[in-house]
Every structure is written in C-alpha cells, then in structure tokens.
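Colleague: Could you take me through this model, one question at a time, and give the cut-offs as you go?

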Amino acid sequence: MAISVPILAIIFALHLIAFVFAVGAERRRSFAEVVPDQYDERTYCLYSTDASTVYGLSAFGLLLLSQVVVNGVTRCLCFGKGLVSATSSTTCAIFFFVFSWLSFLGAEACLLAGSAKNAYHTKYRGIFGGEDISCATLRKGVFAAGAALTLLSLVGSVFYYWAHSRADTGGWQKHRNEGVGMTEQPPEFGKV
C-alpha cells in the first residue's frame with residue numbers, strides 16, 4: 001500500500017474541520033446569569049445559547065469519522081506484509097498508532113464531556129435565598145483541550161499512515177509502465 005494523497009487530504013480536512021468546531025465550541029460556551037422569578041421569591045438561571053454543544057458534538061463526529069478512515073485504510077494495524085518484519089518503519093507505525101489512539105481518545109473524551117456538561121442547565125436555585133449557590137456552567141478550557149488533542153491526533157494519524165504504508169511496501173514503491181511513454185518507439189514505426 002502506497003501513500004494516497006486523497007486519503008491524506010480527507011484526514012487533514014476532517015481533523016481541521018473538527019479543530020475549527022472545537023475552537024468554536026470553546027468560544028461559544030454557555031454563560032448563565034441569575035434572574036429573579038416574577039411570580040415568587042425564587043431565582044433561576046438564565047443561560048445563553050447552546051451552540052457550543054452542537055459544535056462540540058460536530059467535532060466529536062468528524063474526529064470519529066477521521067479515525068475510522070485512517071484505521072479502515074490501514075486495516076487497524078492488523079494486516080499487511082511489512083508489519084510482520086521487525087523494521088524501524090514497523091516500530092514507528094506501532095508508536096504512532098498508539099499515539100494516534102491516545103490523543104484521539106483524549107480529544108473525544110474532552111469534546112463529549114464538554115458537550116454534555118454544557119447542555120446541563122440548573123433550573124431553580126432554591127427558596128432559601130442561597131446567593132452563594134452558582135449556576136452550573138462548563139469550565140473554561142475543556143473544548144480548548146479537545147482542540148489541542150485534535151491537532152495531536154492529526155499529527156499522530158498522518159505519521160501513522162505514512163509509517164504504516166512505508167512498512168507495508170518496504171519503503172519506496174517503484175511504479176512501472178506508468179506515464180505517457182514518450183521514450184519508447186512503437187514497433188510499427190521502426191520498420192521502413
């Protein structure tokens with residue numbers, strides 16, 4: 001298996017779009033303000049937009065799709081003729097496989113937990129006038145950590161794909177009988 005430029009483009013595009021969604025989720029986190037209820041003594045939390053939940057889940061889905069593409073193309077490090085031998089390319093492929101999966105799982109955990117926590121809203125704060133009780137909001141930096149781990153997953157996935165294809169083909173793969181063929185003379189022109 002040689003390196004395929006369209007596969008690399010798909011991996012880059014999915015990871016970068018997931019990164020943009022994760023940064024957008026961090027920028028659009030929900031904020032809450034305490035508002036008095038007009039009918040009784042209670043106060044409640046009024047939340048801003050829930051756009052970051054949608055952004056975080058979109059980044060989660062795109063990152064998952066990219067990981068499926070990488071592991072589908074490389075067949076999840078299970079098959080291939082070059083992975084049987086113990087070469088430096090095989091070692092690199094195994095290292096970047098583990099690195100890619102660790103950064104992927106960390107990014108997915110941050111994005112999913114951030115989306116779930118951002119979607120949670122405290123309704124009423126209580127009758128007892130507890131002004132020290134705060135509204136539940138997402139901490140700053142959860143989606144940013146997911147975005148950073150998304151970039152690390154991008155690096156790990158690209159290098160894993162490169163090392164796996166190099167280990168599978170044994171380095172450079174020589175292409176034969178490709179191109180325009182301008183140096184060869186057809187046999188019917190050789191006869192006069």
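Modeller: This is a predicted model, in which local features need pLDDT of at least 70 and side-chain atom pairs count only at pLDDT 80 or more, while totals for chains, interfaces and linings use all residues. Residues are numbered from 1 along each chain as its sequence is written, and side-chain values use heavy atoms, with hydrogens and water left out.

Colleague: In what order do the elements of the protein chain run from the N terminus on?

Modeller: Helices (H or I, at least four residues) and strands (E, at least two) are taken as DSSP runs, numbered from the N terminus. On that basis the protein chain has 5 helices and 3 strands. Their order from the N terminus is α-β-β-α-α-β-α-α.

Colleague: What is the helix content of residues 142-163, one of the spans annotated as "transmembrane region"?

Modeller: The annotation comes from an unreviewed UniProt entry and also covers 6-24, 44-65 and 93-114; such annotations may be inferred rather than shown by experiment. Residues 44-65 are 68% helix and 18% strand, with end C-alpha atoms 39 Å apart. For residues 142-163 the end C-alpha atoms lie 31 Å apart, the strand content is 0% and the helix content is 100%.

Colleague: Which element supplies the largest share of the largest nonpolar core?

Modeller: A nonpolar core is a set of buried (under 20% relative accessible area, 1.4 Å probe, protein chains only) Ala, Val, Leu, Ile, Met, Phe, Trp, Tyr and Cys residues joined through side-chain atoms within 4.5 Å. The largest one has 14 residues, of which I11, L77, L83, A93 and Y160 touch the most other members. At least two of its residues come from each of α1 (5-27), α3 (88-119) and α4 (142-169), and the largest share, 6 residues, is supplied by α4.

Colleague: How are α3 and α4 oriented to each other?

Modeller: Their axes, which are lines fitted to C-alpha atoms over the stretch in contact (heavy atoms within 4.5 Å), give angles from 0 to 180 degrees between N-to-C directions. The axes of α3 and α4 are 7 Å apart, at an angle of about 155°. Angles over 145 degrees count as roughly antiparallel, and α3 and α4 are therefore roughly antiparallel.

Colleague: How are α2 and α4 oriented to each other?

Modeller: The axes of α2 (residues 51-73) and α4 come within 11 Å and cross at roughly 15°. The contact involves S52, G56 and L63 among the residues of α2, and F143, T150 and Y160 among those of α4. Angles under 35 degrees count as roughly parallel, and α2 and α4 are therefore roughly parallel.

Definitions and conventions. Buried means under 20% relative accessible area, exposed over 50%, partly exposed in between (1.4 Å probe, protein chains only). Angles under 35 degrees count as roughly parallel, over 145 as roughly antiparallel, 65 to 115 as roughly perpendicular and the rest as oblique.
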